Amino acid sequence: MSRTSIIPAPLARLPWRVLLTITAIGCFGLVVLFSAAGGSLRPWALPQGVRFFVFLFAAVGVSTVREDVWRRAAFPAYAVLVVLLFAVELLGAVRGGSQRWLDLGFIRLQPSELMKPAIVMACARFYDMLPPSETRRFGAIWPPCVLIGIPAALVMLQPDLGTALMICAGGVTVMFLAGIPLRLFVGGALALAIAAPLAFNFVLHDYQRNRVLIFLDPESDPLRTGYHITQSKIAIGSGGIFGKGFLNGTQSHLDYLPEGQTDFVFATMAEEWGLLGGIFIIAAYLMVIRWGVNVGVRAKSRFAKLTAAGLSTTIFYYVAINLMMVMGLAPVVGIPLPLVSFGGSAQMTVLLCLGILMSIDRESRRKTGW
Amino acid sequence: MTRAPRIATEAQQGYTFSRRAWLLGTAQLGVGGLLVARMGWLAIAENERYSTLSESNRVNNTMIPPRRGWIVDRAGHPIADNRTDFRVDLIPDRVEDLDRTLALLQKLLDLTPEDLLRVRADLKKAAGFQPVQVVDNISWERFAAVQVRQPELPGVAPTRGFARNYPAGAAVAHLTGYVGTATAEQYKATKDPLLVTPGFKVGKDGLEKTLEKQLRGTPGAKRVEVTARGKVVAELATRPDIPGKTQKLTIDVGLQEYAARRLGTNSGSVVVFDCQTGEMLAMVSMPAYDPNSFSAGISHLEWQMLSANDHVPLMNKVTQGLYPPGSTVKPMNGLALLEAGVSPDERIFCSGSLRVGNGIFHCHKKRGHGPLDLRNAIAQSCDIYFYEMIRRLGYDRVAPIARMVGLGQKFDLPLATQRYGTVPDSAWKSRKYKSNWTVADSLNASIGQGYVLANPLQLAVMAARIGSGRMIQPSLLADHVHSGAAALTVNPDHLRIVREGMWKVVNGGGTGGASRMYVPGIQLAAKTGTAQVRRITMAERRGGVLKNASLPFKLRDHALFVCFAPADNPRYAAAIVLEHGGHTVRNLDSPMIGRDIMTWLFDRDLAMKSLAEVEPTWGGDIRTRMAAEAAAYRAANAAETEAGLGTETDAPAPTAAPAVEAVTRARNANADATPGDIANTGGVAGTTGSPDTGTPD
């Protein structure tokens, strides 16, 4: 820091390795979208690229925000998003049919998407406020459960199973990191094992139930709902180690792979870049996530620790659920691969998470510096 | 559990966090490893399987139906060939929105509401994988319009293919049969994808069916790159089809067509042989269906029309029609008499009737012929002469000769159905009816009535064998001619006497004077015949036998004619059978038809001139008449139902249609009943010969 450099100090303090890794993932995503459009910047690669760099700069800007601001904003942000979720639900009821976003004119805001980081921060803020001695009391458990339950239920009503699951997972992860007794998680897992079949029969919508059934046996209905998984596996499997080559994917170019630019973009990539491309994306993401968890470990405040580890894990859930889905290890739940899949919402969420992580990182370094 | 350290301090809390964060990081790394492993499994271990699947997605192998082998006549003129055909089919399984698809097709192809009703009716019946024809034989522009829109029309298959074409139309229907789409049963039996390829047809009847193996050929294949929606992106490779082998027939298609036209409005059949080699030059059964429209798929209504027609157009009368041969067997009888030692000069006095036991047998000439020898008995077709001679001799002496000249025989021909009739004798009767042969049986058989039944093919063989004196075997395929036939095992002098009798039929004041030929140096030898299909009661005979013209069609006599020419050195032989012809219209009667057909072989222009004179009088050529009939039927059955418009897919082959079976059964029952009637009612039937109706002498 005291080293003299032509680079201004605030710039030099940025975690360049992570930023470069993120940029690499984003640019690789643009290359894949370029190919998915049949070798054209439109309609996907160009808008996606513009958005990516806008959000990336925004993330760098966000990183200058003081950690304390996040701490104070956690609950109000959560509250605003719950209200927006209600609004979306009401709008859907008025217009007839389900709706997930609010049209604000300049942007289509998807409150459920922003709820993913917000729930992590709200839970982190709760445990931040809780005296350490209370951690193993019942009072440490039920409020976060309520915090998680309200948005999860609202999102479930939309109905958006994938996002609801991610909101739950994000909140529960913070609870786990906060030191809630392990037996509760074991017990919870057992309860889930019991509840899952019940939920399957009474809570899930027909199309959701169908997706689970197809996941369990994709070949049972290869031309309808199982088509997605089957074609995705064909794309990945036929890519081999080195892939068919840039612009040479047939599954995507001949439209056999559905949603080849959004949820199944990884299959589009794997067909042309093979196992090596896949390992690149997985490794790059693991590096980013690992860095994020380490930011949490290094952070000084309890809020910062829980937030950093929680947000990294949110990014991890995105990647893991999406990849398991395209490889036939999970049902099709509609979670995109952030920064690669076409679409602004996930892009925005992940880069916002990154910005907050960088801001926490900056804070902890500053403290170290002192 | 209770011993678990209670988190009390921030330090302890921080420690727990680090431990759990490490646990979380490890789990994330583990999941990452799992994902890499899973991807490796898909991309390495299962790479081959998925590459194959990807390839089969990408590449679409389309079969190119093989071009069907031609059927050509003896000179190489096509009897059945292929014309380029642009067609549009629907594959029911793949259609997504039928109403939208049909609406768009209607616009593109300018379909009539009837067309749409037919397609809908067909779709209801079709198994999902069977293509249903929307249109065929459309213009290139229309075809291209559909092809361009194909991506948005799943299940619509525009195909450029070949359609079977029969230039002579109905004239060759019962020779060639026709082709059609394979039945669901055929597909289920073999699972051959070729059978459900749009545009592919299999032989359904006639030679198309019996020669299917040779005619089919080997399908080609086209590899194209297609998108998930079926749009063709690129053509990768094409393996051309191998057309089926051309089948050359002994038929002369010119003669075939001429004979068919010359039959006019008759329900009849013609067989013409080269009587030296046994090559079949014509095999005509009229009226017939148009094999062109049959091959394209006919409507239920059309099928009904053909089924209901009392002229049985669905029946191949040449091989399926069985008729009492009537007097056409008299030359053969004469040969048998000579072989049995009867002198050709021995005379029998014909008084007009003959009493046998308590029955009276009449001659066709009520006043009688007076004394007649063998030659004149044949020429005048005298019934009494043959009654008396065969009464003396017994029919068991005649039957072997009848079989030798071809009656009751089955021939080695590529035809699906051959009924071979009956040559009765005492052994046959005791076997079949467990009763003894009677004199009346002999007498009825002697004039080709009673138990005797033959098809036109056998009658033509009979004429050819008597004419040439050889045991010719009929052949239809040019490479299966049974040449070098042995001579008949009879005295050549006897054959000569019989032929002289037949010459006199035409040229010596006999019953067939109308068939005298006008080709210089060529004379016809023939024998006329009439086969009665009803009983004539004593009361009717007293009041005067009803004229055929006043009888309903079904009760009129059959008119038969066998002949060969030139009489002095026979080269061609023919048989003509007119169902219920009844000798009512002179230029539509068998002798003149026989004359013209034989004339065609020696002087085409003369024959065509004769046809041109008469054809307009019965409503024009075959096509014109068939079109008029169809229009009339459609008008009469104006209440067209949707089902009526549907394509008839389940119909049996024409020659196996229920209508044909019914006709054959009824006819056989009739024939069986006649002799019994004679014995019991005292000779009321069997009084046929060759009436002079329509003959000038």
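Let me start with the open sheet in chain B of this predicted model, where five strands come in the order β12-β11-β19-β18-β17 with antiparallel pairing. The edges of this sheet are β12 and β17, the latter covering residues 525–531 of chain B, and each of these two pairs on one side only. If you ignore direction, neighbouring strands of the sheet are turned against each other by 10 degrees on average.

Within that sheet, β18(B) and β19(B) run antiparallel and are joined by seven bridges. To give you one pair to look for on the screen, B:L560 stands opposite B:V577, which belongs to β19(B).

Two helices should be shown together with the sheet. Helix α10 of chain B, residues 253–262, packs on the sheet and touches β11 (267–274) and β12 of chain B, and its direction makes about 30 degrees with that of β12(B). Helix α23(B), in turn, lies across β11, β17, β18 and β19 of chain B, and runs at about 145 degrees to β19(B).

Staying with the strands of this sheet, there are some backbone details that I would like to go through with care, bearing in mind that most residues other than glycine have a negative phi, and most peptide bonds are trans. B:M286 and B:P287 are joined by a cis peptide bond, with omega at about -10 degrees, and B:P287 is found in the loop between β12 (280–286) and α11 (291–296) of chain B. Another cis peptide bond joins B:A565 to B:P566, again with omega of about -10 degrees, and here the proline, B:P566, sits in the loop that lies between β18 (558–565) and β19 (572–579) of chain B.

Then there is B:H580, a residue other than glycine whose phi is positive, near 50 degrees, and which is placed in the loop between β19 and α23 (590–602) of chain B. Is B:H580 buried or exposed? B:H580 counts as buried, because 22 C-beta neighbours lie inside 10 Å, and the cut-off for that class is 20 or more.

Chain A offers a case to set beside that one, namely A:E259, where phi takes a positive value near 55 degrees in a residue other than glycine. A:E259 has its place in the loop between α11 (250–253) and α12 (265–298) of chain A. With 19 other C-beta atoms within 10 Å, A:E259 is partly exposed, so anyone working with these counts should keep in mind that the buried class begins at 20.

While we are on chain A, let me describe that chain as a whole. It has 14 helices and two strands, and of its 370 residues 50% count as buried. As for the contacts in chain A with a separation of 6 or more, 70% of them are accounted for by residues 24 or more positions apart.

Back in chain B, there is a further set of strand pairings to follow. Strand β1, residues 59–64, runs antiparallel to strand β8, residues 220–226, and six bridges join these two strands of chain B. Strand β8(B) is also joined by six bridges to strand β9, residues 232–239 of chain B, once more in an antiparallel arrangement. You can trace this through a single residue, since B:K222 in β8(B) is the bridge partner of B:T62, and B:K222 also has B:T238 in β9(B) as a bridge partner.Next comes a pair of helices. Two packed helices are described by the angle between their axes and the distance between the axes. For helix α16 (residues 383–393) and helix α19 (residues 439–446) of chain B, the angle is about 135 degrees and the axes are 9 Å apart, which means that α16(B) is oblique to α19(B). Their crossing is right-handed. On the α16(B) side, the residues that meet the other helix are B:F386, B:Y387, B:I390 and B:R391, and on the α19(B) side they are B:V439, B:S442, B:L443 and B:S446. By type, the residues of this contact divide into five nonpolar, two polar and one charged.

Finally, let me turn to the contact between the chains, which takes 41 residues from chain A and 39 residues from chain B. On the side of chain B that touches chain A, α1 (10–45) and α2 (47–58) of chain B each supply at least two residues. Which element gives the most to that side? That element is α1(B), with 21 residues. The residues on this side of chain B divide into 18 nonpolar, 13 polar and eight charged.

Methods:
Residues numbered from 1 in each chain as written. Chains lettered and ligands numbered in written order. Predicted model: local features only at pLDDT ≥ 70, side-chain atom pairs only at ≥ 80, totals over all residues. Contact = placed C-beta atoms within 7 Å. Helix = DSSP H or I, 4+ residues; strand = E, 2+ residues; numbered from the N terminus. Nonpolar A, V, L, I, M, F, W, Y, C, P; charged D, E, K, R; others polar. Axes fitted to C-alpha atoms, helices over the stretch in contact; angles between N-to-C directions. Parallel < 35°, antiparallel > 145°, perpendicular 65-115°, else oblique. Left-handed = near helix turned anticlockwise from the far one by under 90°. Buried ≥ 20, exposed ≤ 12 C-beta atoms within 10 Å, placed from the backbone. Pairing = 2+ DSSP bridges.
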